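Work through the exercises below with the sequence and the coordinates open. Each task is followed by a stepwise solution.

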Amino acid sequence: LSSSLAVTSEQIEHLHRRFKQLSQDQLTIRKENFDSIPDLEFNPIRGKIVHAFFDKRNLRQESDGLADEINFEDFLTIMSYFRPIEMNMDEEQLDRFRKEKLKFLFHMYDSDHDGKITLQEYRNVVEELLSGNPHLEKESARSIADGAMMEAASICVGQMGPDQVYEGITFEDFLKMWQGIDIETKMHVRFLNVDTIAHCY
Amino acid sequence: SVSSIVPESCLLIVVGLLVGGLIKGVGEKPPILKSDIFFLFLLPPIILDAGYFLPLRPFTENLGTILIFAVVGTLWNAFFLGGLMYAVCQLGGPGLNHIGLLANLLFGSIISAVDPVAVLAVFEEIHINELLHILVFGESLLNDAVTVVLYHLFEEFASFEQVTILDIILGFFSFFVVSLGGVLVGVIYGVIAAFTSRFTSHIRVIEPLFVFLYSYMAYLSAELFHLSGIMALIAAGVVMRPYVEANISHKSHTTIKYFLKMWSSVSETLIFIFLGVSTVAGHHYWNWTFVISTLFFCLVARVLGVLVLTWFINKFRIVKLTPKDQFIIAYGGLRGAIAFSLGYLLDYEHFSMRDMFLTAIITVIFFTVFVQGMTIRPLVDLLAVKKKQETKRSINEEIHTQFLDHLLTGIEDICGHYGHHHWKDKLNRFNKKYVKKCLIAGERSKEPQLIAFYHKMEMKQAIELVESGGIGKIPSAVSTVSIQNINPQTLPLERILPALSKDKEEEIRKILRTNLQKTRQRLRSYNRHTLMADPYEEAWNQMLLRRQKARQLEQKMNNYLTVPAHRLDSPTMSRARIGSDPLAYEPKEDSENLPIITIDPASPQSPESVDLMSEEPKGCSGLPPSPEEDEEGLVMRVKEPSSPGTDDVFTPGTSDSPSNQRMLRCLSDPGPRPEPEEGEPFIPKGQ
């Protein structure tokens, strides 16, 4: 398990302890267990995050849809998406590494699992991001999403005639959008400090 | 050309040398760069410019690394160099024997600090990637605290008879006092400045003054108490910037930007020229051993320091520093005018070898600036170091970055790990909840970052469009993607200008005629049966031209981030309509042929609210709204009473179509919260 997910045994220990905490010593976790984390309340996209844990595509299972509960192995699988980059990776490994992380993100945006991010889904993302501001109108979120979508379309497809319709952002387009940003260095969580374990209720 | 090989700083020094030589040749005594002038007038603008525009994200991400290089690196340099020079002096024969350990340590501390001015001057031109730039530059800024402490410490110790352990321990603590004290002073002044800017909505012209004043006061206050002035200045700039930018008008922002750039350019130029002049003018005492060994050990110390520290730092970094990076960091350790001024400050009484020190300092400065400065560019190309990517900040990137931030915070929470993101998130929340409310005026305090960013981008692009003339020169980067391409359900906008039938055209002409004639009169009622026979063809043609321009402008704006414009009619038309009737215009039931235009006033809640008209256009151009539809959809209600006296045809109402509104705002720039009476119309109202 350790080598396949490239997580050290120390980290596995720590995560296992955390898993036990969350699941209240059960073997599996359900969505409700995530409610016991106090800090997660403030997170605007908590719905998507929790959803991502149960998303079968992320769990590397063949089927689609949502799992009801996940065990520790699945938990680790999700966590492995956030491991930091290693020095000795070659080009190909690096590329795969990067694609994996981006795929995870892509699944978070693409909530209906159809393989592309439609305008509605993107609007949903922006609305959630702005959900911490109750007085804001829906219009603002929508127009930002529209503008962003137009920009994405122009990056991915370039010039479009008035009749062409841009269905949605596919994974390849998504990759293009992220080209400038080093996702492999940004999307990681440090597991260094194993002592600072927060407690749930 | 010369400037591509030789960096500007070198050329300036050469100019200074020439000028100094000239003055000396004439027989006058050339002016030397006095430390007062340098520290009080020449240095602050450069530092403020750097601090105010510091790219905060990379800086905070690499803060640990930067601090280690700045503090530990400088300490290492100072002691290593000081110690070795002492050894050299002991062995160096009669000329050098009398220089004590303390003097050497002092010399070491002066010469070891990487100079921000020199680094800026050289690194600006080579455009290396952001990481290296911020590492070297951040180091040069933060090592000021170390330099100040060491300098004052050794200077004082040199006048003591004996140095006890207690003194050393106190010196160690004074480092924390100096650096943290400096930062504290800066933060206090930054907060005061931000708070002041909250109230300047009525006197926008002096907004830039507050920024400069408070920053300079922070610097002076810190220097007064022997705290680190540079750190105070940086802290003040960093703290005040987000709040001040939210409060001040666009013009003030531009003013601040250009003034800072101007002052820092002038300062930089003067500093280098003065360096050249001072070289010619100063008394020099050249001692081969001393100077050459100084130079040699400086380089060695720097390289060793960087190597060892990087090895240590890489254990904790995610993005490790490659040997290439290390080389650039070591090579980029330039010395500059700060070292010279500090050396100049030494008095002869305690330091009889001051001239020798100064000569050595100048030699090192010249070497680093000329040799290293000139060769760094070809070396960067040779080693294929990553260069700065000119990425345009896009709304997509912003969304993704924020999403990622929240995601990582969430994962950290789930893991139960209080990492970076957790604390950053907490800080952000604290900021949003308490600090922003105090320091930002009005509605902007509640504006989330994404919205603020979006508006900024929109403004920028609107201004670009307006500046580019709007017609003809369509920049090639513009794509023709418009809202139909992504959302086919929205009704196509092919008819921004409705094709008017003959009757309607006649109506419109009449309106124009009546209004053009009656510009000086107050219209109380609109009577479309008062036909005037005079042909106002010119006005008509002009109007057509404007319509065309506006249409192209809109089309382009539609392709950008702007909310799609679902306007029934062209802005000029709606202006005409408003202009014609200051009273609320009641759509007549039988006026099926007239496009109904009513304008929704800008919501007071958010001054730059993105779009208030509902997206789905119900009543389309030319079609009468079906009776069961309510008055929303695409009807724009005339603002009640817009202003008596708005009888000029082309006076835009304050609640005009959003893109024009924004355009107006750019041009007239009343600031983040325009009161209705502040928005200046395009064309001055008739009396």
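## Exercise 1: the make-up of chain A

Task: How many helices and strands does chain A have, and what pattern do they follow along the sequence?

Solution.
- Step 1. In this predicted model, chain A contains 9 helices and 4 strands.
- Step 2. From the start of the sequence to its end, the elements of chain A run α-α-β-α-β-α-α-β-α-α-β-α-α.

## Exercise 2: burial, contacts and surface of chain A

Task: What percentage of the residues of chain A count as buried, and what share of the contacts is between residues 24 or more positions apart?

Solution.
- Step 1. A residue is taken as buried when its relative accessible area is under 20%. By that cut-off, 52% of the 201 residues of chain A are buried.
- Step 2. Take the contacts in chain A with a separation of 6 or more; 56% of them join residues 24 or more positions apart.
- Step 3. The exposed area of chain A is about 9500 Å², and 48% of that area comes from carbon and sulfur atoms.

## Exercise 3: confidence along chain B

Task: Which elements of chain B have the lowest and the highest mean pLDDT, and which stretches are below 50?

Solution.
- Step 1. Begin with the chain average: the mean pLDDT of chain B is 73, and 69% of its residues score at least 70.
- Step 2. Helix 24 (residues 658-668) of chain B has the lowest mean pLDDT, 44, among the elements of chain B. The highest, 92, belongs to helix 10 (residues 207-224) of chain B.
- Step 3. In chain B, residues 472-478 have a pLDDT below 50, and this stretch makes 7 contacts beyond near neighbours in sequence.
- Step 4. The pLDDT is also below 50 over residues 561-671 of chain B, a stretch with 228 contacts in the model beyond near neighbours in sequence.
- Step 5. Where pLDDT is low, predicted coordinates should not be read in detail.
- Step 6. For the model, the scores are ipTM 0.87 and pTM 0.70.

## Exercise 4: two histidines with positive phi

Task: Where do B:His127 and B:His226 lie, and are they buried, partly exposed or exposed?

Solution.
- Step 1. As a reference, most residues other than glycine have a negative phi.
- Step 2. B:His127 has a positive phi, near 50°. This residue sits in the loop between helix 7 (116-126) and helix 8 (130-159) of chain B.
- Step 3. With a relative accessible area of 41%, B:His127 is partly exposed.
- Step 4. B:His226 has a positive phi near 60° and is found in the loop between helix 10 and helix 11 (229-247) of chain B.
- Step 5. B:His226 is partly exposed, at a relative accessible area of 45%.

Methods. Residues numbered from 1 in each chain as written. Chains lettered and ligands numbered in written order. Predicted model: local features only at pLDDT ≥ 70, side-chain atom pairs only at ≥ 80, totals over all residues. Heavy atoms only, no water. pLDDT = per-residue confidence, 0-100. Contact = heavy atoms within 4.5 Å. Buried < 20%, exposed > 50% of the residue type's maximum accessible area, 1.4 Å probe, protein only. Areas by Shrake-Rupley, 256 points an atom, 1.4 Å probe, with all protein chains shown as cover.
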